Each structure stands twice: as C-alpha cells, then as structure tokens.
Amino acid sequence: MAKFKLNVNGRSHEIDVDPEMPLLWALRDHVAVKSPKYSCGVGMCAACTVLIDGEALRSCVVPVSEVKDQKIVTLEGLSSDGSHPVQKAWMEEDVPQCGYCQAGHILSAVALLSKKPSPTDQDIDAQMGGNICRCGTYERMRRAIHRAAKEK
C-alpha cells in the first residue's frame, strides 16, 4: 500500500492503495466517482475513459501510481448540470440509449474538440473508433460532435 494524492474534478483526494491498482477502481471505490464504467477491463471498449491532463485515457489499464500530480476529469467534472457543450449536444441529438458507455464517449469527444475544434468525419472516426457502444448510436454521436463544435 502507498499513499497517493489525486486531483479529480478539481478536488484533491488522498488515498492509500496498492500502486498497481487500476485508476478506475481508485476513482470508483476510493473517490466515489461513478461515471467511469468497468466493462472489458483491458482497455478495449473505453467505457472507463477519463481525461488525464486533457488526454482521453482508459482508466482500467492505468495504474494509480502513474497519475499522481496530474489532473483527472470525469463526466462529473465537465459540469454540474449537464451544460457542457458536448453534454448538451449529446442530449439534443438524442445519443444515449442504455447509457452505459456514454461517459467514455463524451470524454473522448471533449478531448477531440480540445485538439481539433472543427473536426472532420474522419477525425471523429479516428478519435472515437476505440469507443464501443452496444446500442450502435455512432451516427448520432458524430452529429453531436459536429453540433458541439459549432456551438463552442
């Protein structure tokens, strides 16, 4: 066990965990952040995506010891009321169905728009290609990302 300070959604949290614990479990079990979801557990589906210093990374394969001193943002950290442009566009395009994977998709879209404010369809496909949605709402996600890009 070792102590780590995590900056999650602008707040500091001190936890005492195994350094190899995946960040996903540190967030869910020790910081009580619930939007990153466990799904594949090997970084293949992206349901656990969080932003670490602005990069969309899969928290199920990132050891907690690798993120000290970095800023972690989860869906809860985008806005308290769903008013972030990507969240609004997601709702306006009626993207969510079951909703399980949506936090990961939204954070991947936020990371994309921070680098490419006016992404092409190819940019969107390249960024979002690793995020899996069992409901198949990919076309609506693409429309939502274009909408968010216009409204920023």
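## Two helices at an angle

Let's start with a pair of helices in this predicted model. Helices α3 and α4 are oblique to each other, because their axes cross at roughly 125 degrees, and an angle between 115 and 145 degrees falls outside the ranges for roughly perpendicular and roughly antiparallel. Where they cross, the two axes come within 10 Å, and the crossing is right-handed.

Which residues in α3 meet α4? They are Val86, Gln87 and Trp90. On the α4 side, their partners are Gln102, His105, Ile106, Ala109, Val110 and Leu113.

## The largest nonpolar core

Two of those α3 residues turn up again as we look at the nonpolar core. Val86 and Trp90, together with Ile145, have the most contacts inside the largest nonpolar core, which has 22 residues. Four helices each give two or more residues to this core: α3 (85–92), α4 (102–115), α5 (121–128) and α6 (138–151). Of these, α4 gives the most, with seven residues.

Now zoom in on isoleucine 145. Setting aside its neighbours within four places in sequence, isoleucine 145 is in contact with Trp90, Ala109, Leu112, Leu113, Pro119, Ile124 and Met128.

## A second core and a hairpin

The model also has a second, separate core, made of 17 residues. Among them are Met21, Val50, Ile52 and Val64.

Ile52 leads us to a pair of strands. Strand β3 covers residues 49–52 and strand β4 covers residues 55–58. The two run antiparallel and are joined by four bridges. Across the pair, isoleucine 52 stands opposite glutamate 55 in β4.

How many residues lie between β3 and β4 in their hairpin? There are two. One residue in the turn, aspartate 53, has a positive phi of about 50 degrees.

## Two alanines with positive phi

Finally, have a look at the loop between α1 (23–30) and β3, where you will find alanine 32. Alanine 46 lies in the loop between α1 and β3 as well. Each has a positive phi in a residue other than glycine: the value is near 65 degrees for alanine 32 and near 75 degrees for alanine 46.

Is alanine 32 buried or exposed? Its relative accessibility is 58%, so alanine 32 counts as exposed, since the cut-off for exposed is over 50%. Alanine 46, by contrast, has a relative accessible area of 2% and is therefore buried, because buried means under 20%.

Notes
Residues are numbered from 1 along each chain as its sequence is written. This is a predicted model: local features need pLDDT of at least 70, side-chain atom pairs count only at pLDDT 80 or more; totals for chains, interfaces and linings use all residues. Side-chain values use heavy atoms; hydrogens and water are left out. A nonpolar core is a set of buried Ala, Val, Leu, Ile, Met, Phe, Trp, Tyr and Cys residues joined through side-chain atoms within 4.5 Å. Buried means under 20% relative accessible area, exposed over 50%, partly exposed in between (1.4 Å probe, protein chains only). Contact means heavy atoms within 4.5 Å. Two strands pair if DSSP finds at least two bridges between them. Axes are lines fitted to C-alpha atoms, for helices over the stretch in contact, and angles run from 0 to 180 degrees between N-to-C directions. Angles under 35 degrees count as roughly parallel, over 145 as roughly antiparallel, 65 to 115 as roughly perpendicular and the rest as oblique. A crossing is left-handed if the near helix is turned anticlockwise from the far one by less than a right angle, and right-handed if clockwise.
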